[in-house]
Every structure is written in structure tokens, then in C-alpha cells.
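Please take me through this structure in the viewer, stop by stop. At each stop, say what to select and what is found there.

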Amino acid sequence: MHSDFRPDLDFASALDARDPLKAFRQRFYLRDDQIYMDGNSLGLCSRDAEACALRVLEEWKKLGIDCWSEASEPLFLYQDHLGRLMAPLIGAEPDEVTVHASTTINIHSAIATFYAPDDRCRKILVDELNFPTDRYAIDSQVRLKGLDPQECVAVVKSRDGKTLQEEDIVAAMGEDVAIVFLSSVLYRSGQLLDMDCITREARKRDIIIGWDLCHSIGAIPHDFRELHADFALWCNYKYLNGGPGAAAGLYINKKHFDKTPGLAGWHGNRKETQFDMKQQFEPANYAGGWQTGTQHVLSMAPLEGSLKMFNEVGMSKIRAKSLQLTAYLMYLIDHKLAKYGFTIGNPREDHRRGGHVALEHADAIRINAALKDNGVMPDFRYPDVIRLAPIALYTSYSDVFEAVEIIEDVMANRKFENHEGRRGLVA
């Protein structure tokens with residue numbers, strides 16, 4: 001695999017010289033004293049995002065309440081504007097995508113819409129490796145129906161504690177399963193599931209299927225016109241660089257536009273009658289009908305600049321560089337770090353790998369802390385994973401090479417022994 005790679009800085013520099021995306025790096029705020037490898041947790045700020053945020057602030061300053069209707073992008077329908085910008089990233093129709101609330105609230109909204117348990121069919125199928133908030137929301141929705149999550153939440157087990165087998169997921173799709181809800185990419189191991197296969201099998205059984213795209217959107221192209229899943233949701237502060245707490249994304253397949261949203265609010269009302277202030281909800285006939293309260297404009301504005309950049313580049317180019325960056329990183333780990341007890345916990349095949357590398361080590365907590373002290377910003381995931389995410393738009397191949405050199409130095413000189421074996425409040 002990638003036998004043409006070489007473990008030296010000159011080779012990394014040569015890759016940088018012919019990188020078609022290298023100019024985009026200059027549009028991000030990068031620190032001279034740090035190699036940022038945590039863009040799968042919080043993406044960096046771009047000048048494009050900053051410009052949009054400052055524009056919206058300026059319009060608020062000048063226009064006051066008229067910013068809702070007279071800003072350069074009227075803020076009353078700002079979520080629709082962002083939905084149109086975001087739709088190409090997942091291959092959806094513009095009216096199927098909206099920007100709203102948070103990932104967790106969007107899970108609640110989707111499950112509240114689609115979960116209609118009866119005596120025969122009342123289970124929601126999840127997996128044991130999913131990000132905890134997904135499970136918290138699912139269990140909560142089951143309890144709100146007066147049911148017991150122990151009985152109504154079916155959990156697909158992992159065979160190795162790191163990855164899932166698609167055949168195990170399909171085998172768990174029994175007649176009592178009402179909804180399948182999974183992550184496209186597992187947050188710890190970086191495994192990319194075969195979404196086509198799983199969605200196809202769910203549809204064969206008339207099971208509602210939804211996807212959490214938090215660890216794939218902005219790193220991996222999706223085609224929801226072809227996939228035809230029922231719903232999806234995601235955060236916008238990781239690969240999409242929307243900023244801390246950025247408003248999240250929600251996809252609703254247009255075949256469900258006639259449904260009443262499970263969590264109703266006045267910003268989901270038909271725009272023509274919203275300010276009639278009727279006491280009866282009239283849901284908008286597109287994904288915007290799943291809006292609830294007033295949109296969080298200042299948590300949306302940076303996303304506009306970032307999305308324009310993504311559309312300028314195109315997801316196919318981003319995915320190509322991401323795969324090359326992570327392949328090069330794995331090559332260097334094999335050649336330089338394996339002797340120190342490191343292993344790679346993510347799938348190595350391109351079609352099964354997301355946007356980050358899961359570097360495993362028994363002393364991962366202390367090593368992770370030492371890396372931060374020595375100019376590399378990774379993150380730790382319990383119990384033994386250091387996640388390294390080289391980002392297509394702003395990470396260079398030289399960054400990858402130098403990061404591995406620093407890890408090797410930390411190990412060779414046992415710098416990690418200066419740190420305690422417990423994680424910080426934010427890992």
C-alpha cells in the first residue's frame with residue numbers, strides 16, 4: 001500500500017509542492033508554534049468565516065431589527081441560504097437541508113417525528129460504539145413514549161471493540177425494529193460504514209433509517225439523492241469549521257415533507273403565515289419546517305464563509321487529499337512509531353476509512369498530553385486512542401511528517417513520563 005511513499009522531509013515537501021489545495025491553507029489562522037491535528041473535533045477559524053461573522057455583526061449594528069429583512073442575506077431566511085450552500089456536500093436537494101440548533105436537539109427532533117411504536121414494532125436499532133449523546137437522546141425519546149430503553153433500544157455489538165460489521169447490523173434488522181440510527185463514521189476508530197448497503201437493507205424492510213454525519217460531513221462526499229435515507233443530522237464545527245457551538249445541520253428526505261415535525265416551534269411555521277401569530281401550527285413544507293425557535297444567527301454566520309469555500313473546492317478534491325494525508329500518516333506510523341508500541345486502530349482501506357487516524361498506545365493519555373506540550377494538537381479518546389486528523393484544507397504533508405517526528409521524540413526521550421495518567425476536563 002502506497003509503496004511510493006518515503007519517510008523523509010524532502011518527500012513531504014515534494015507532495016506539498018504539487019498539492020492542488022495548498023493555497024487554501026493561507027485562508028486559515030494557523031499558529032507558527034503548533035501543528036493542528038484536531039480538526040475532527042474543532043476545525044480552525046478561516047478568514048472567510050471571520051469575514052462573514054463580521055459582516056453579520058456590522059449589519060446588526062447598522063440595521064437593528066431590519067437585519068431580519070434588509071441584510072445582504074436576510075436573516076429571517078438565513079437558514080435556507082445556508083441549507084442551499086450545504087446541500088451539495090451531501091448530494092441533497094436544497095430544500096431538504098436546514099441549519100438548526102445542535103446535533104442532540106436534531107436527534108430529538110428527528111426521532112420525535114419518525115418514532116411511532118406499536119405492539120409489533122417498537123425498537124430503535126443503534127450500536128455500542130456510537131457517540132454517547134446519540135444514545136442519550138434515543139433513550140430519552142423512548143422514555144417519553146412511556147417505554148423502557150432496556151426493552152426498546154436494540155444494540156449492535158462490536159466484535160473487536162473498535163469496528164462494526166455491516167452483516168451484524170443487517171442481521172439485527174428484525175420485524176420489531178422501527179428505526180435504524182447509526183453514525184456514518186465511528187468517532188473513535190474512524191471506521192466508515194457501508195451506508196449504501198445498510199440503507200438499502202433498511203429500506204427493503206420498510207424501516208426508517210437515519211444517519212449521524214458528524215464525523216464524515218466535510219471530509220467524505222455523500223449522495224443522499226442516491227442513498228435515499230429518511231433523515232440525517234450533523235454538527236458543523238468539525239471538518240466544516242463553523243466555530244465552537246456552531247448551529248448544526250439537519251436533512252429530511254422530501255418524501256416526508258408532509259409529516260408534522262415531532263418538535264414544533266414557530267420558526268418551523270409556513271413563512272407566509274408565521275407572523276399571523278396563529279395558535280395552530282402550520283409546518284413549512286420543506287426541511288425548514290423542522291426549525292423551532294429563532295435561529296442562532298451569530299453561531300451560523302461563520303459557517304457561511306466556510307461553506308462557500310467548500311463549494312469552491314468540491315468534495316471530491318477534499319476527499320482525495322484527505323485519503324492521501326491519512327495514508328501518508330499511517331505509512332510514517334508504521335515506519336517510525338511501531339517500535340514504540342503504537343498500533344493503528346482505524347481501517348486501512350480507503351473505502352472504510354474516515355478522515356482521521358486512530359493511533360493506539362497503552363500510555364495514550366500521557367503521550368497525548370506530552371504532544372500538546374511539544375507543539376502537536378491531537379485529542380484523546382478513552383481508553384487508549386490518540387486521534388490525529390490532518391485536514392485537507394489546511395494541513396500540509398510536511399505538517400504530517402513533522403508531527404510524527406515530534407511523537408518519535410516524545411517516545412525516544414520519554415517526555416510523556418512528565419505527565420499524569422489522567423485526561424483533562426476536555427480530552
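The tour below goes through helix contacts, single residues and a few backbone features of this predicted model.

**Stop 1: helix α11**

Select residues 301-313, which form helix α11. Of its 13 residues, 10 are buried, so α11 is largely enclosed by the rest of the structure. The buried residues are Ala301, Pro302, Leu303, Glu304, Gly305, Ser306, Leu307, Met309, Phe310 and Val313. Now add the elements they pack against: α2 (47-63), α4, β2 and α12 (315-337). Just past the end of α11, select Gly314, where phi is positive at about 95°.

**Stop 2: α4 against α11**

Keep α11 shown and add helix α4, residues 78-90. The two axes are 9 Å apart, and the helices pack at an angle of about 30°. Angles under 35 degrees count as roughly parallel, so α4 is roughly parallel to α11. The crossing of α4 past α11 is left-handed.

To see the contact itself, display side chains on both helices. On α4, select Tyr78, His81, Leu82, Leu85, Met86, Pro88 and Leu89. Their partners on α11 are Ala301, Leu303, Glu304, Leu307, Lys308, Phe310 and Asn311. Coloured by class, this contact shows 10 nonpolar, two polar and two charged residues. An α-helix has 3.6 residues a turn, so residues three or four places apart point the same way. Among the contact residues of α4 are His81, Leu85 and Leu89, which can be picked out together.

**Stop 3: α13 against α14**

Hide the previous pair and select helix α13 (residues 364-373) with helix α14 (residues 397-412). At what angle do their axes cross? The crossing is at roughly 120°, and the axes come within 10 Å. That angle falls outside the ranges for roughly parallel, antiparallel or perpendicular, and α13 and α14 are therefore oblique to each other. Their crossing is right-handed.

The α13 side of the contact consists of Ile367, Ala370 and Leu371. On α14, the residues to select are Ile406, Ile407, Val410 and Met411. By class, the contact of α13 with α14 has seven nonpolar residues, no polar ones and no charged ones.

While α13 is on screen, select Ala369, which also lies in this helix. Ala369 is partly exposed, with a relative accessible area of 25%. Draw a distance from its C-alpha to that of Gly421: the two residues are 52 apart in sequence and 9.1 Å apart in space.

**Stop 4: Ala101 and Thr103**

Move to the loop between β2 (97-99) and α5, where Ala101 is found. Ala101 is not a glycine, yet its phi is positive, about 50°.

Then select Thr103, in helix α5 (residues 103-114). Is Thr103 buried or exposed? Its relative accessibility is 9%, so Thr103 counts as buried, the cut-off being under 20%. Leaving aside residues up to four places away in sequence, Thr103 touches Asp212, Cys214, Leu233, Trp234, Cys235 and Ala248. With Cys235 there is a specific approach to display: the side chain of Thr103 reaches the backbone nitrogen of Cys235 at 3.3 Å.

**Stop 5: Asp206**

Next, select Asp206 in the loop between α9 (195-204) and β6 (208-212). Here too the residue is not a glycine and phi is positive, near 60°. Asp206 is exposed, at a relative accessible area of 72%.

**Stop 6: Arg348**

Go to the loop between β9 (343-344) and β10 (357-360) and select Arg348. Arg348 counts as partly exposed, since its relative accessibility is 31%. Which side chain does Arg348 join in a polar contact? The partner is Asp334, and the contact is 2.9 Å. Add Ala327 to the view: it is 21 residues from Arg348 along the chain, and their C-alpha atoms are separated by 7.9 Å.

**Stop 7: the Tyr382-Pro383 peptide**

For the last stop, select Pro383, in the loop between β12 (379-381) and β13 (385-388). Show the backbone back to Tyr382: the peptide bond joining Tyr382 and Pro383 is cis, with omega about 5°.

Definitions and conventions. Residues are numbered from 1 along each chain as its sequence is written. This is a predicted model: local features need pLDDT of at least 70, side-chain atom pairs count only at pLDDT 80 or more; totals for chains, interfaces and linings use all residues. Side-chain values use heavy atoms; hydrogens and water are left out. Axes are lines fitted to C-alpha atoms, for helices over the stretch in contact, and angles run from 0 to 180 degrees between N-to-C directions. Helices (H or I, at least four residues) and strands (E, at least two) are DSSP runs, numbered from the N terminus. Angles under 35 degrees count as roughly parallel, over 145 as roughly antiparallel, 65 to 115 as roughly perpendicular and the rest as oblique. A crossing is left-handed if the near helix is turned anticlockwise from the far one by less than a right angle, and right-handed if clockwise. Contact means heavy atoms within 4.5 Å. Ala, Val, Leu, Ile, Met, Phe, Trp, Tyr, Cys and Pro count as nonpolar, Asp, Glu, Lys and Arg as charged, and the others, Gly among them, as polar. Buried means under 20% relative accessible area, exposed over 50%, partly exposed in between (1.4 Å probe, protein chains only). A polar contact is a pair of N or O atoms within 3.5 Å; within protein, one must be able to donate a hydrogen and the other to accept it, and residues adjacent in sequence count only if both atoms are side-chain atoms.
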